[in-house]
Amino acid sequence: QVQLVESGGGLVRAGGSLRLSCEVSGSDFSVKRLAWYRQPPGKTRDLVAGISSGGTTNYEDSVKGRFTISRDNAKNTVYLQMNSLKPDDTAVYYCHARVGGIAWYETYDYWGQGTQVTVSS
């Protein structure tokens, strides 16, 4: 059973930094794309940053230059380094993993339980 375990959330003042981690375990197949999403109170869950198995990254516009996504394939872990945090970054952050299957075309999506990030002004 595939599990995603997140850590690193918390309360920080505006301008501060946090680093989120998410370890993917229990998969017998390759972990393809990894990503972080966030869901502010009363809003939808939206993509923050993603990274392919080869290291190609993409970011939501409001976090470009402030957030950095990275991964350690040996540890099946994805990180999100968040700098210059703003109150608007306050949200529950979710880790997402796309995992392969037996056939080359098979993919399966998994989510972490979410970790709260609160940025005070």
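**Exercise 1. Strand order**

Task: Work out which pattern of secondary structure the chain follows along the sequence.

Solution. Start at the N terminus of this predicted model and write down each element in turn. The chain reads β-β-β-β-β-β-β-β-β-β-β. Now check the tally by type: the chain has 11 strands and 0 helices.

**Exercise 2. Overall form**

Task: Compare the radius of gyration of the chain with the value for a compact globule of 121 residues.

Solution. Begin with the expectation: for 121 residues, a compact globule would come out near 14 Å. Next, take the value for the chain, which is 14 Å, so the two agree. For the extents, look along the principal axes, where the C-alpha trace covers about 50 × 25 × 25 Å.

Then turn to the surface and the interior. The chain exposes about 6600 Å², and 47% of that comes from carbon and sulfur atoms. Buried residues make up 40% of the 121. Finally, consider how far contacts reach along the sequence: taking contacts between residues at least 6 apart, 54% join residues at least 24 apart.

**Exercise 3. The largest pocket**

Task: Describe the largest pocket by its volume, its lining residues and the classes of those residues.

Solution. A friendly reminder of the idea behind the search: rolling a probe the size of a water molecule over the atoms reveals where empty space remains. Here, the largest pocket holds about 180 Å³. Its lining is made of Arg38, Pro40, Pro41, Lys43, Ser62, Arg66, Lys86, Pro87, Asp88, Asp89 and Thr90. Sort these by class and you get 6 charged, 3 nonpolar and 2 polar residues.

**Exercise 4. Two residues between strand 8 and strand 9**

Task: Place Leu85 and Thr90, decide whether each is buried or exposed, and list the contacts of each beyond four places in sequence.

Solution. Take Leu85 to begin with. Leu85 sits in the loop between strand 8 and strand 9. Its relative accessibility is 2%, so Leu85 counts as buried, the cut-off being under 20%. Beyond its sequence neighbours, Leu85 is in contact with Val12, Ala14, Gly15, Gly16, Ser17, Leu18, Arg66, Phe67 and Val119. One of these partners is worth a distance check: Leu85 and Val119 are 34 residues apart in sequence, while their C-alpha atoms are 6.7 Å apart.

Now Thr90, which is also placed in the loop between strand 8 and strand 9. With 19% relative accessible area, Thr90 falls under 20% and is therefore buried. Setting aside residues up to four places away, Thr90 touches Pro40, Pro41, Gln116, Val117, Thr118 and Val119. Pro40 and Pro41 belong to the lining of the largest pocket, as does Thr90. For a distance across the chain, try Thr90 and Val31: they are 59 residues apart in sequence and 28 Å apart from C-alpha to C-alpha.

**Exercise 5. Positive phi**

Task: For Asn76 and Ser84, give the phi angle, the location and the accessibility class.

Solution. Begin with the backbone. Asn76 is not a glycine, yet its phi is positive at about 50°. Ser84, likewise not a glycine, has a positive phi of about 50°. Next come the locations: Asn76 is in the loop joining strand 7 (67-72) to strand 8 (77-82), and Ser84 is in the loop that runs from strand 8 to strand 9 (91-100). Last, read the accessibility. Asn76 has 27%, so it is partly exposed. Ser84 has 41% and is therefore partly exposed.

**Exercise 6. A strand residue and a loop residue**

Task: Contrast the surroundings of Glu23 and Thr44, with the location of each.

Solution. Glu23 belongs to strand 3, residues 18-25. At 45% relative accessibility, Glu23 is partly exposed. Its contacts outside the nearby sequence are Gln3, Leu4, Val5, Lys75, Asn76 and Thr77; among them is Asn76, the positive-phi residue from Exercise 5. Glu23 and Gly10 are 13 residues apart in sequence, and their C-alpha atoms are 18 Å apart.

Thr44 lies in the loop between strand 4 (31-39) and strand 5 (46-51). Its relative accessibility of 51% is over 50%, so Thr44 counts as exposed. Apart from neighbours within four places, Thr44 is in contact with Arg38 and Gln39. Of these two partners, Arg38 also appears in the lining of the largest pocket.

Technical notes. Residues numbered from 1 in each chain as written. Predicted model: local features only at pLDDT ≥ 70, side-chain atom pairs only at ≥ 80, totals over all residues. Heavy atoms only, no water. 1 Å grid on protein atoms, 1.4 Å probe; cavity = no way out; pocket = protein on both sides within 12 Å on 5 of 7 lines; lining within 4 Å. Points joined across faces, edges and corners; volume = space filled by probe spheres on them. Nonpolar A, V, L, I, M, F, W, Y, C, P; charged D, E, K, R; others polar. Helix = DSSP H or I, 4+ residues; strand = E, 2+ residues; numbered from the N terminus. Rg over C-alpha atoms; globule rule 2.2 N^0.38 Å. Buried < 20%, exposed > 50% of the residue type's maximum accessible area, 1.4 Å probe, protein only. Contact = heavy atoms within 4.5 Å. Areas by Shrake-Rupley, 256 points an atom, 1.4 Å probe, with all protein chains shown as cover.
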